[in-house]
Amino acid sequence: MAQKLINITRIIGDKTLRILESVCKVNGVIGVVIYGSISRGDYVNGLSDINIAIVASQEVDTRNLWSLLSGDPRISPLLLQLDKLKDICTKGDLLCHNIFKESLILCGDDRLKNLSIYYGPRVTSYTVAQAKNLALSTLSLAIEGYMQGDKNKALRNAYHSLRYTITYYSTRTIQKVPLKDSDMVNTCIRIAPSNLCKFFNEIRGMRNTLQQLRLAELETLLHILATSLKVTIPPISSIMLALRNLDNAKLIALRIKNIEEHKPYGNRAHYVLISSIPSKNRIVEVEVSWNGIVSVEEK
């Protein structure tokens, strides 16, 4: 623990460490856990967040808490009541794995430690379904980031969508949740298609050097995820065409919507776009399929 804290402090700096230690002393805080890429050793400066979970009682002093955390914009805090954390661990939520594995408990009383012992990380059918859903939602955020010209958002979410896809294979096949990138690679080689593993390493390299995700790589990502998750997803060009057909609308948000099951080929999906049409001063919700625009609704 001491060496991990030293390594983390080298990255975040003494000032941010003092902020997190001050959070430990806020009334109602039961514990503070540093998790995610910075704890796993996969942090990329300029791209990654400092993920912390604050486990608290009902009476936590939120005003003081948010005031302290505003001292470093890199901090991405998650506030959880103790009972809520117990519930998500019981379900098999991936967040529980992140909080109690490959993480650093900066401070925590016996209630947090006991919860980790008796309700610690487990793999359930919920875990498998969640990994698949998160792979699709982060894919949609990667496409959204690319369409908005936000290269960091596109690259960050492309990386996470592949991690969740490998997690999907792992939880479904061997009932384990890999967290470190090295564990992801080794697990992928053992149980997943070779093109997924090869592309994950490629995106890891791009992430580590902050390269820009290109359309060709985004299309490859979409194809690999669609094949791995057995979901038929329209090409990204269908989004571009839909926006052009709506007087060059600007994308605000995007999600992938599962429509219905088609055995043995899996699910069919549509895109749902929230877009602004500057020429008409309108914001619309647009559903897009392989065949083009399905519906347009005023927002």
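Here are a few exercises on the structure above, each with a worked solution.

This is a predicted model, where local features need pLDDT of at least 70, side-chain atom pairs count only at pLDDT 80 or more, and totals for chains, interfaces and linings use all residues. Residues are numbered from 1 along each chain as its sequence is written, and side-chain values use heavy atoms, with hydrogens and water left out.

**Exercise 1. Work out how compact the protein chain is for 299 residues.**

Start with the secondary structure: 13 helices and nine strands (DSSP runs, H or I of at least four residues for helices and E of at least two for strands, numbered from the N terminus). The radius of gyration is 21 Å, close to the 19 Å from the globule rule, so the chain is as compact as a globular protein of that length. That radius is taken over C-alpha atoms, and the rule is 2.2 Å times the number of residues to the power 0.38. Next, check the box: along the principal axes, the C-alpha atoms fill roughly 55 × 45 × 35 Å.

Now for the contacts (heavy atoms within 4.5 Å). Of those with a separation of 6 or more, 62% are between residues 24 or more positions apart.

**Exercise 2. Describe the burial and surface of the protein chain.**

Buried residues come to 48% of the 299; buried means under 20% relative accessible area, exposed over 50%, and partly exposed in between (1.4 Å probe, protein chains only). The accessible surface is about 14,400 Å², and carbon and sulfur atoms own 49% of that. These areas come from the Shrake-Rupley method with a 1.4 Å probe, and for residues only the protein chains shown count as cover.

**Exercise 3. Take the salt bridges of R111, R214 and K280: which partner does each have, and is each side chain buried or exposed?**

A salt bridge here is a side-chain nitrogen of Lys or Arg within 4 Å of a carboxyl oxygen of Asp or Glu, and the structure holds twelve of them.

- Step 1: R111 pairs with D109, with the closest N and O atoms 2.8 Å apart. R111 is partly exposed at 45% relative accessibility, and D109 is partly exposed too, at 27%.
- Step 2: R214 meets E217 at 2.5 Å, N to O. Here R214 counts as exposed at 54%, whereas E217 is buried at 5%.
- Step 3: K280 pairs with D247, the closest N and O atoms being 3.4 Å apart. This pair links distant parts of the chain, 33 residues apart: K280 sits in the loop between β7 (266-277) and β8 (282-289), and D247 in the loop between α13 (236-245) and β6 (250-262). Both count as partly exposed, K280 at 47% and D247 at 38%.

To finish, look for a network: salt bridges link R163, D181 and R204.

**Exercise 4. Place N51 and N201 in the fold.**

Begin with N51, which is found in strand β2 (residues 50-56). With a relative accessible area of 18%, N51 is buried. Skip its neighbours within four places in sequence, and N51 touches V33, I34, Y35, G36, S37 and S76.

Then go to N201, in helix α11 (residues 194-208). N201 is partly exposed, its relative accessible area being 37%. Finally, compare N201 with L162: they're 39 residues apart along the chain, and their C-alpha atoms are separated by 9.8 Å.
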